[in-house]
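Okay, thanks for making time this morning. I'd like to walk you through one model, so have a look at it with me.

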Amino acid sequence: MNTTPGPWNVDKWNTDDGITVWGDYKQEVVCTVGNGANEREKEEANARLIAASPDMAEHISLMLRTVNDTLRHGLTEGQAEALGEMCDQARAILAATRGR
C-alpha cells in the first residue's frame, strides 16, 4: 500500500479550515477534517482516528502474524509475553484515537 509516510499527527489549532492531519513530519497534508464550522469535538475525534491509521494498520498486521504463528505452533512463554505487550500497545493506540 502506498500512503503518506507516518507518523501522522493532528493540528488542533487549524481553526479556520477544519483540522489538518499531517504526515511525514508536517511535510504532507494527509487530509483536512471538517470545515471549522461543525462540532469541534467530533472533528478532533475523527482527525485523531485518521491520524492513528498507520499505527493501527502496522499493529494489526503484527498481531495477526503472531496469532497465526501461535495457532500453528502453540504458545511459547516468549509469545505469551509478546502478545501481552501487543495488547498493551493496542490499548495505547486506542487511547490515542480517543484523545487520552
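I'll start with the overall layout, then go through the helices, the core, the cysteines and the charged pair.

First, the ground rules. This is a predicted model, so local features need pLDDT of at least 70 and side-chain atom pairs count only at pLDDT 80 or more, while totals for chains, interfaces and linings use all residues. Residues are numbered from 1 along each chain as its sequence is written, and side-chain values use heavy atoms, with hydrogens and water left out.

So, layout. The chain has three helices and three strands, and from the N terminus they come in the order β-β-β-α-α-α. Those are DSSP runs numbered from the N terminus: H or I with at least four residues for a helix, E with at least two for a strand. Of the 100 residues in the chain, 23% are buried. By buried I mean under 20% relative accessible area; exposed is over 50%, and partly exposed is in between, with a 1.4 Å probe and protein chains only. On contacts, meaning heavy atoms within 4.5 Å: take the ones between residues at least 6 apart in sequence, and 35% of them join residues at least 24 apart.

Now the strand end of things. Thr 4 sits in the segment before strand S1, which is 9-11. Thr 4 counts as buried, at 15% relative accessibility. Beyond its neighbours within four places in sequence, Thr 4 touches Gly 23, Asp 24, Glu 28 and Val 30. Then there's Thr 20, in strand S2, and Thr 20 is buried too, with a relative accessible area of 4%. Its C-alpha is 6.0 Å from that of Cys 31, 11 residues apart along the chain.

On to helix H1, residues 40-51. Does the length add up, and what should 12 residues span? At 1.5 Å a residue the expectation is 16 Å, and the end C-alpha atoms are 16 Å apart, so that agrees. The expected span, by the way, is 1.5 Å times one less than the number of residues. Which residues of H1 are buried? They are Glu 43, Ala 47, Arg 48 and Ala 51. They cover an arc of only 135° around the axis, so they lie on the same side of H1; that arc is taken from the directions from the helix axis to the C-beta atoms. Turned away from that buried side, H1 shows the exposed residues Glu 41 and Lys 42.

Some of those H1 names come back in the core. The largest nonpolar core has six residues: Trp 8, Ile 19, Val 21, Val 33, Ala 47 and Ala 51. Strand S2, 19-23, and H1 each put in at least two of them. A nonpolar core here is a set of buried Ala, Val, Leu, Ile, Met, Phe, Trp, Tyr and Cys residues joined through side-chain atoms within 4.5 Å. Leaving out neighbours within four places in sequence, Ala 51 is in contact with Trp 8, Asn 9, Val 10 and Val 21.

Next door is Ala 52, in the loop between H1 and H2. Ala 52 is buried, at 8% relative accessible area. Its C-alpha is 8.1 Å from that of Asn 9, with the two positions 43 residues apart along the chain.Helix H2 covers residues 53-73. Its 21 residues should span 30 Å at 1.5 Å a residue, and the end C-alpha atoms are 30 Å apart, which agrees. Buried in H2 are His 59, Thr 66 and Thr 70. Their arc around the axis is only 40°, so they share one side of H2. The face of H2 turned away from that side carries exposed Leu 64, Arg 65, Leu 71 and Arg 72. After H2 comes Gly 74, with a positive phi near 90°.

Quick word on cysteines. Cys 31 is partly exposed at 22%, and Cys 87 is partly exposed at 33%. With a disulfide taken as a pair of cysteine sulfur atoms within 2.5 Å, the count is zero.

Last item, charges. The whole structure has one salt bridge, meaning a side-chain nitrogen of Lys or Arg within 4 Å of a carboxyl oxygen of Asp or Glu. Arg 91 and Asp 88 make it, at 2.9 Å, N to O. They are three residues apart in helix H3, residues 77-97, so about one helical turn separates them. Arg 91 is exposed at 52%, and Asp 88 is partly exposed at 48%.
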